[in-house]
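Colleague: I should like a close look at a single helix and at what surrounds it. Please give the cut-offs behind each term as you go.

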Amino acid sequence: MIRHPQDDAELLALVRHYVTPERRYLKLGGSLLRMQSPRYDQLMRDLREDAGLITSDEIAKLLEGGWRERRTAAWLVAVSHRTEFRERLGELLLASEVCCAGLAYCVALASFGTAGDADLLATYLDRYLRRPDLGYDQTVVMGALQFIDLNLGGGQADRFREPGGLWQQWLQDAPHMQGDSDPTPFYLSLIRRLCAFVDECAEAL
């Protein structure tokens, strides 16, 4: 069940403090990579500060909200490296209840970068690569899984990407992907750059 800030005073207070100032929720994604100083530096400082201030209970509350709240919470989880939220983020990614939050979940899981995080991403692909009718977060999840594989020396992504496998089949059958080249290099690069931002942001915590 998704909670709405207008119906929950505690959630509304958290949204006003962590989510909506300077429309932060819109900047937490690929758009931050196009920002320049001093706005980029200010975003990093503010995110770093709030990641250190927010409590785990407050993060959990934000994760009950809509896409704005969940996106912001996932970034705060990534920067503060709160791995206790790993399973929760995996659940939210798999449920795909809201749009516009999947990239944030993937950045957090990729920044944790363990075999357990790879398992959660692989579980998502096992389900949603079988649904070419759903243009959800398959591409960014594949990018995140490859990012972890490259760092761990694992090969979780390989079983999806083998000739005739689920990835190739999904690219072929998904109406919104037909005629496009394999987008994995783009999303791998995106995840790598966003995780580098997380690492830089977290250094002073």
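Which residues of H7 are buried?

Modeller: The structure is a predicted model, in which local features need pLDDT of at least 70 and side-chain atom pairs pLDDT 80 or more, while totals for chains, interfaces and linings use all residues. Numbering runs from 1 along each chain as its sequence is written, and side-chain values rest on heavy atoms, without hydrogens or water.

The buried residues of H7 are Gly102, Ala104, Tyr105, Cys106, Val107, Ala108, Leu109, Ala110, Ser111 and Phe112. Buried means under 20% relative accessible area, exposed over 50% and partly exposed in between, with a 1.4 Å probe and protein chains only. Helices are DSSP runs of H or I with at least four residues, numbered from the N terminus. Because ten of its eleven residues are buried, H7 is largely enclosed by the rest of the structure.

The enclosure has several partners: the buried residues of H7 pack against helix H5 (67–80), H6, helix H8 (115–128), H9 and H12. Contact here means heavy atoms within 4.5 Å. Leu121 shows this in detail: beyond its neighbours within four places in sequence, it is in contact with Cys106 and Leu109, among others including Leu93, Val141 and Ile148. After H7 comes Gly113, with a positive phi near 70 degrees.

H7 also borders two empty spaces. On a 1 Å grid over the protein atoms alone, a cavity is a set of points where a 1.4 Å probe fits but cannot get out, and a pocket is an open set with protein on both sides within 12 Å along at least five of seven lines; lining residues have an atom within 4 Å of a point. Points are joined across faces, edges and corners, and a volume is the space filled by probe spheres set on them.

The largest pocket has a volume of about 360 Å³. Among its 22 lining residues, Cys100, Leu103, Tyr136, Asp137 and Val140 are the closest to its centre. Helix H7 (102–112), helix H9 (138–152) and helix H12 (184–202) each contribute at least two residues to this lining, which comprises 13 nonpolar, seven polar and two charged residues. In this count Ala, Val, Leu, Ile, Met, Phe, Trp, Tyr, Cys and Pro are nonpolar, Asp, Glu, Lys and Arg charged, and the others, Gly among them, polar.

The second space is closed. The whole structure has one cavity of 30 Å³ or more, and the largest cavity holds about 40 Å³. Its lining consists of Leu92, Leu93, Ser96, Glu97, Val98, Ala101, Gly102, Tyr105 and Asp137. Helix H6 (86–95) and H7 are the elements that give two or more residues to it. By class, the cavity lining has five nonpolar, two polar and two charged residues. Asp137 thus appears in the lining of the largest cavity and near the centre of the largest pocket, as one of the closest residues.

Two of the helices packed against H7, namely H6 and H8, are themselves joined by a salt bridge. Asp117 pairs with Arg86, the closest N and O atoms being 2.6 Å apart; the criterion is a side-chain nitrogen of Lys or Arg within 4 Å of a carboxyl oxygen of Asp or Glu. Since Asp117 lies in helix H8 and Arg86 in helix H6, the pair ties together parts that are 31 residues apart in sequence. Both Asp117 and Arg86 are buried. The structure holds eleven salt bridges.
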